[in-house]
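This briefing concerns a predicted model. Please consult the sequence and the structure shown here before reading the notes beneath them.

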Amino acid sequence: MVVNSDAIITVENLVKKYDGHTAVDGVSFEIERGEIFGLLGPNGAGKSTIISILCSLLKPTRGRVNIDGFDLITNTNDIKKIIGVVPQEISLYPTLTAKENLEFYGKIYGLSGKTLKSKVEVLLDMVGLTERADDLLEGFSGGMKRRINIAAALLHRPRILFLDEPSTGVDPQSRRRIYDTIHDLNQEGMTVILTTHQMEDAEKLCHRIAIVDKGKLIALDTLEGLLKMVGENDIIHIAAPEILTEPVKSIQQMSNVRKVSMDEGNMTIQLVHARESLAGIIETLISSGTKVESINIKEPDLETLFLHLTGSKLRG
Ligand SMILES: Nc1ncnc2c1ncn2[C@@H]1O[C@H](COP(=O)(O)OP(=O)(O)OP(=O)(O)O)[C@@H](O)[C@H]1O
Ligand SMILES: [Mg+2]
């Protein structure tokens with residue numbers, strides 16, 4: 001296999017079958033050193049299966065994976081030393097405190113004494129839970145548990161961090177904290193790979209996004225590059241009880257406007273840079289005496305792209 005020198009992970013023709021059902025269907029991609037890479041797709045797309053194979057938790061049916069120079073099948077132990085894994089299911093002990101959970105995992109990694117103590121303190125601070133260090137896990141929210149799970153995956157200073165659905169079932173405050181933690185780790189040079197079915201994770205966190213559907217990789221690019229695939233058109237919907245033909249004509253002649261369609265009390269305008277033109281459009285309508293009831297702007301997002309590529313919605 002030809003390994004790109006900037007790539008920290010190379011995946012070639014990955015296939016995973018469960019009892020004849022193909023969950024991953026010939027997927028190839030590369031992850032650059034130092035990037036935050038997202039696998040985005042709906043439930044059952046194959047995201048957890050792909051990430052579990054990359055973490056050596058699951059054996060592929062076919063295909064090759066190279067992680068920082070190590071082959072997934074022949075160098076599993078070397079790989080385990082350089083990766084941290086935050087699974088989709090929380091794997092912590094409810095009857096131990098946050099600190100005790102982290103100490104338990106630290107000991108598995110061979111840490112002890114002062115090193116372990118200070119490491120646990122630093123990580124609790126990083127995920128914003130220093131004040132809850134001595135509370136039992138069973139009293140924690142889903143978001144707090146996930147933050148402890150992230151801390152547990154960092155005890156051995158991994159070079160690469162895998163997170164399976166880091167923000168699912170997480171309150172907004174924890175989500176922000178998780179975003180900050182991932183961002184800070186990446187700034188320190190860590191390569192991060194995450195799966196998500198939430199557009200927000202992909203949009204706010206990832207340098208590049210791979211869109212996965214039915215076991216196949218259907219697009220891979222930066223957010224900007226992916227959105228270009230949908231085209232540049234924004235859409236403005238305006239509801240008004242009555243719209244006269246005169247303002248419609250004026251709006252049609254505006255330079256950013258591509259198309260205006262009318263359907264009873266609804267006006268739909270396809271245009272580029274909707275926000276720039278909005279004031280002019282409203283002014284035109286109001287000065288002609290139109291009573292505008294509501295205005296809605298839709299800019300292309302990953303949901304629009306997914307619909308464009310697959311014909312179905314990202315959210316089920
Ligand atoms: N252990 C298993 N045995 C049999 N089939 C499985 C197993 N694990 C996953 N699958 C199937 O493989 C497909 C991909 O599952 P996977 O968990 O990788 O999807 P996902 O994209 O992570 O979904 P989600 O967003 O729900 O986490 C699904 O059809 C699922 O039912
Ligand atoms: Mg999953």
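The points below address the sheet, the magnesium site and the cysteines of this predicted model.

**Sheet and packing helix**

- An open sheet of mixed pairing is built from 6 strands, in the order E6-E7-E8-E3-E9-E10.
- Strands E6 and E10 (216–221) occupy the edges with a single partner strand each, so one side of each has no neighbour in the sheet.
- From one strand to the next, the twist averages 15°.
- Within the sheet, strand E3 (residues 36–40) pairs with strand E8 (residues 191–196) in the parallel sense, over 5 bridges; Leu 40 is placed opposite Thr 196 of E8.
- Helix H8 (residues 223–230) lies across strands E9 (208–213) and E10, and runs at about 110° to E10.

**Magnesium site**

- The magnesium ion (ligand 2) has as its protein donors Ser 48, through OG, and Gln 88, through OE1, at 2.0 to 2.4 Å.
- Because Ser 48 belongs to helix H1 (residues 47–54) and Gln 88 to the loop between strand E6 (83–86) and helix H3 (98–108), the pair ties together parts 40 residues apart in sequence.
- Ser 48 is partly exposed at 24% relative accessible area, and Gln 88 is likewise partly exposed at 32%.

**Cysteines**

- The model contains 0 disulfides.
- Cys 55 is in no disulfide, its nearest cysteine sulfur being that of Cys 206, 15 Å away; this separation is too far for a bond, given that a disulfide requires sulfur atoms within 2.5 Å.
- Cys 55 is buried, at 3% relative accessibility, and Cys 206 is buried at 10%.

Definitions and conventions
Residues numbered from 1 in each chain as written. Chains lettered and ligands numbered in written order. Predicted model: local features only at pLDDT ≥ 70, side-chain atom pairs only at ≥ 80, totals over all residues. Heavy atoms only, no water. Buried < 20%, exposed > 50% of the residue type's maximum accessible area, 1.4 Å probe, protein only. Donors = N, O, S within 2.8 Å, 3.2 Å for Na, K, Ca; no water. Helix = DSSP H or I, 4+ residues; strand = E, 2+ residues; numbered from the N terminus. Pairing = 2+ DSSP bridges. Axes fitted to C-alpha atoms, helices over the stretch in contact; angles between N-to-C directions. Contact = heavy atoms within 4.5 Å.
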